[in-house]
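Good morning, colleagues. I should like to take you through a few local features of one structure. Please have the sequence and the coordinates open.

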Amino acid sequence: MADTNRSQGHPRLFSEFTRGLPATARKEILERWWQPHRAAVEGEIRARMRKGGVVLHLGIHTFTPVLDGRTRAVDVGMLYDPSRAGEVGWGLQLVDVLRTGMPQLRIRRNAPYRGISDGLVTYLRRQFPPEGYLALELEVNQAHVRPGAPGGEALRERLAELLGSVLPTPGA
């Protein structure tokens, strides 16, 4: 498939399974899955912004524990753009909540990626002003949540509980 969190042209847009497909097949994947997903997210944000107030967009992703032969020393990462004060405030608050609620895990700010690295929210930040659109990304190490991972379900539940304790209710 195609990673909906990557921009067209990104070297890791397509998976190892789809990267070698003919151009027509890759184009079809983008048209059928990638473009509709991104358009739906952007459309929802536009609709909410028209209603006024601030949109807080939390993207949740997983990352591979080892990339290019290097083990990543992160269990959970919170990504944000350090130049956007609202994102910094929310990002730091969520990191504090996660560290307090799950002290056994390595919770990092802007890791394993930089908060301004290529991604859907990076694109959306160019579409929407910082006073109306705040974007955070929660990155969870796949070692903790892949099928059969010990404690995976408990971690997912604890993350949802902790995030729900501080995040505004959607649509509120």
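I shall speak about one helix residue and then about several backbone features in loops. Please bear in mind throughout that this is a predicted model.

Let us begin with E87. This residue belongs to helix α2, which covers residues 85–101. Is E87 buried or exposed? Its relative accessibility is 0%, and because buried means under 20%, E87 counts as buried. What, then, does E87 touch, leaving aside residues up to four places away in sequence? The list comprises Y80, D81, R125, Y133, L134, A135 and L136. For D81 there is a further detail: a polar atom of the E87 side chain lies 2.8 Å from the backbone nitrogen of D81.

I turn now to the loop between β5 and α3, which holds two features. Strand β5 spans 107–109 and helix α3 spans 120–127, and P112 is found in the loop between them. The peptide bond joining A111 and P112 is cis, with omega at about 10°. N110 is also placed in the loop between β5 and α3. Its phi is near 45°, a positive value in a residue other than glycine. With a relative accessible area of 22%, N110 is partly exposed.

Finally, consider D68, in the loop between β2 (66–67) and β3 (70–71). D68 is not a glycine, although its phi is positive, at about 55°. How accessible is D68, and which class does it fall into? Its relative accessibility is 61%, and since exposed means over 50%, D68 counts as exposed.

Thank you for your attention.

Key. Residues are numbered from 1 along each chain as its sequence is written. This is a predicted model: local features need pLDDT of at least 70, side-chain atom pairs count only at pLDDT 80 or more; totals for chains, interfaces and linings use all residues. Side-chain values use heavy atoms; hydrogens and water are left out. Helices (H or I, at least four residues) and strands (E, at least two) are DSSP runs, numbered from the N terminus. Buried means under 20% relative accessible area, exposed over 50%, partly exposed in between (1.4 Å probe, protein chains only). A polar contact is a pair of N or O atoms within 3.5 Å; within protein, one must be able to donate a hydrogen and the other to accept it, and residues adjacent in sequence count only if both atoms are side-chain atoms. Contact means heavy atoms within 4.5 Å.
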